[in-house]
Amino acid sequence: MSRARVARRIAAGAAYGGGSIGLIGVAAVGVLLAEAQLAKRTVGTGTAPLPPATDGLYGRAFGTEDPLRLALLGDSTAAGQGVRRAGQTPGALLASGLAAVAERPVALKNVALSGARSDDLERQVSLLLAQPLGPPDVCVIMIGANDVTHRMPATESVRLLAAAVRRLRTAGAEVVVGTCPDLGTIEPVYQPLRWLARRASRQLAAAQTIVVVEQGGRTVSLGDLLGPEFAANPREMFGVDLFHPSAEGYATAAMAVLPTLCASLGVWPEADRPEADRSEGMLPVAKAAAAAARQAGTEVTGARAPWALLKHRRRRRLTEAPEGAEAPGGAAAEGAGSGEPGDVRKGRGEPLPQDSPRT
């Protein structure tokens, strides 16, 4: 069965309250459990630092009035576990990058929780919507890895994600979801568990894309970012516990999400139209979701049902966000500088040497 059909079945099962759709055969369970025990003894031999606090105001070079409000939800990846400085976390990188592109200050609120699964999203969304200033302008959700490792039924996982996106969209927030990363890239995971983990991760990512687009959100595939690039440079891309990303790994992920984050607010310099020479185009949602799960940084945005727009936005290089003078929770980090479009290294960055879509 094609990945598009599997993803559609999972999404349909979530919509209609269906039971779990198995991602692996029963015959593989014994081998999977044995490999999982071996991986558990190997992963985590180092201790990943707890996520640093990142809430506060970024982009102070553009003033402090009328900031854009950005929120992060999800698991340890969204929280930034594995790095020691706030400026190395996805939230700080995205807030500084958004400030530079939009030329406005950005107020960041991060409610992500290390170890969270999709069933924690209801609590996280409630925290955001209870804020005195109302819903954020845009929310970034990174979730799914713990759903796979804890064997949460895929239909349940995407049902919970869909409900969270629906609540945020109903409240008026734009939503960007970084879909489930490819867990088959974790170094201590051996075959056949590596293949099974990759298959389960990509199936979940495709199903997540379908339900998010149907609720009016956008997705960016993270699977391939934790694929070829991470596989080629595991010691650089993974942290000391060999599970969470390093500062370089988080920068790579944030660099992929930033264009879609900015585009959701209408401040990215690229138009929302397909470019054929970049393998972009309109596809049925399920096929777009399956294609996105195979290629790093691919954006999927809803169009006229049942079609979706598949885009490979040009990325911009990100570096660590500048540290702020005040403690997080108040007015925290200073953001980027001049904010020229496509230039987000303290306002004077540089584009990637190669910004054509990776294959």
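Reader: What does Gly172 do with its phi angle just after H7?

Author: In this predicted model, Gly172 takes a positive phi of about 105°. You will find Gly172 just after H7, so to speak a good place to begin looking at that helix.

Reader: How do I check the length of helix H7 against what I should expect?

Author: Count 1.5 Å a residue, and the 17 residues of H7 (residues 154-170) should span 24 Å. The end C-alpha atoms of H7 are 24 Å apart, which agrees.

Reader: Which residues of H7 are buried?

Author: A general idea helps here. An α-helix has 3.6 residues a turn, so residues three or four places apart point the same way. In H7, the buried residues include Ala154, Ser157, Val158, Leu161, Val165 and Leu168. Try finding them in the structure above.

Reader: What does Leu168 touch, away from its sequence neighbours?

Author: Not counting residues up to four places away in sequence, Leu168 touches Leu73, Val125, Leu129, Cys139, Ile141, Ala173 and Val175.

Reader: How should I read a nonpolar core, and which residues of the largest one touch the most other members?

Author: In soluble globular proteins, nonpolar side chains tend to be buried together. Here the largest nonpolar core has 44 residues, and Leu73, Ile141, Leu161 and Leu168 touch the most other members. Helix H8 (residues 193-214) gives the largest share of this core, ten residues. There is also a second, separate core of 32 residues, with Val106, Val220, Val257 and Cys262 among its members.

Reader: Where does Ile141 point from strand S4, and which residue points that way too?

Author: Look at the two sides of the strand. Cys139 and Ile141 point one way from S4, while Val138, Val140 and Met142 point the other way, and all are buried. Five of the five residues of S4 (residues 138-142) are buried, so this strand is largely enclosed by the rest of the structure.

Reader: In which sense does S4 pair with strands S2 and S5, parallel or antiparallel?

Author: Follow the direction of each strand. S2 (residues 68-74) pairs with S4 in the parallel sense over five bridges, and Leu70 has Val138 as its bridge partner in S4. S4 also pairs with S5 (residues 174-178) in the parallel sense, over five bridges. There, Ile141 has Val177 in S5 as its bridge partner.

Reader: How does strand S8 pair with S6 and S9, parallel or antiparallel?

Author: S6 (residues 218-220) and S8 (residues 299-302) are antiparallel, with three bridges between them; Arg218 is partnered by Thr301 in S8. S8 and S9 (residues 307-311) also run antiparallel, joined by four bridges, and Glu299 stands opposite Lys311 in S9. To get from S8 to S9, follow a hairpin of four residues.

Reader: Which side chain makes a polar contact with Glu299?

Author: That is Thr260: a polar contact of 2.7 Å joins the two side chains. Thr260 lies in helix H11 (residues 247-264). Thr260 is buried, because its relative accessible area is 2% and the cut-off for buried is under 20%. Beyond its neighbours within four places in sequence, Thr260 is in contact with Val176, Arg218, Val220, Glu299 and Arg313.

Reader: How many helices and strands are in the chain, and what share of its residues is buried?

Author: The chain has twelve helices and nine strands, and buried residues make up 57% of its 359 residues. Among contacts with a separation of 6 or more, 78% are between residues 24 or more positions apart.

Methods. Residues numbered from 1 in each chain as written. Predicted model: local features only at pLDDT ≥ 70, side-chain atom pairs only at ≥ 80, totals over all residues. Heavy atoms only, no water. Pairing = 2+ DSSP bridges. Core = buried A, V, L, I, M, F, W, Y, C linked by side-chain atoms within 4.5 Å. Buried < 20%, exposed > 50% of the residue type's maximum accessible area, 1.4 Å probe, protein only. Contact = heavy atoms within 4.5 Å. Polar contact = N/O pair within 3.5 Å; in protein donor to acceptor, adjacent residues only side chain to side chain. Expected span 1.5 Å × (residues − 1).
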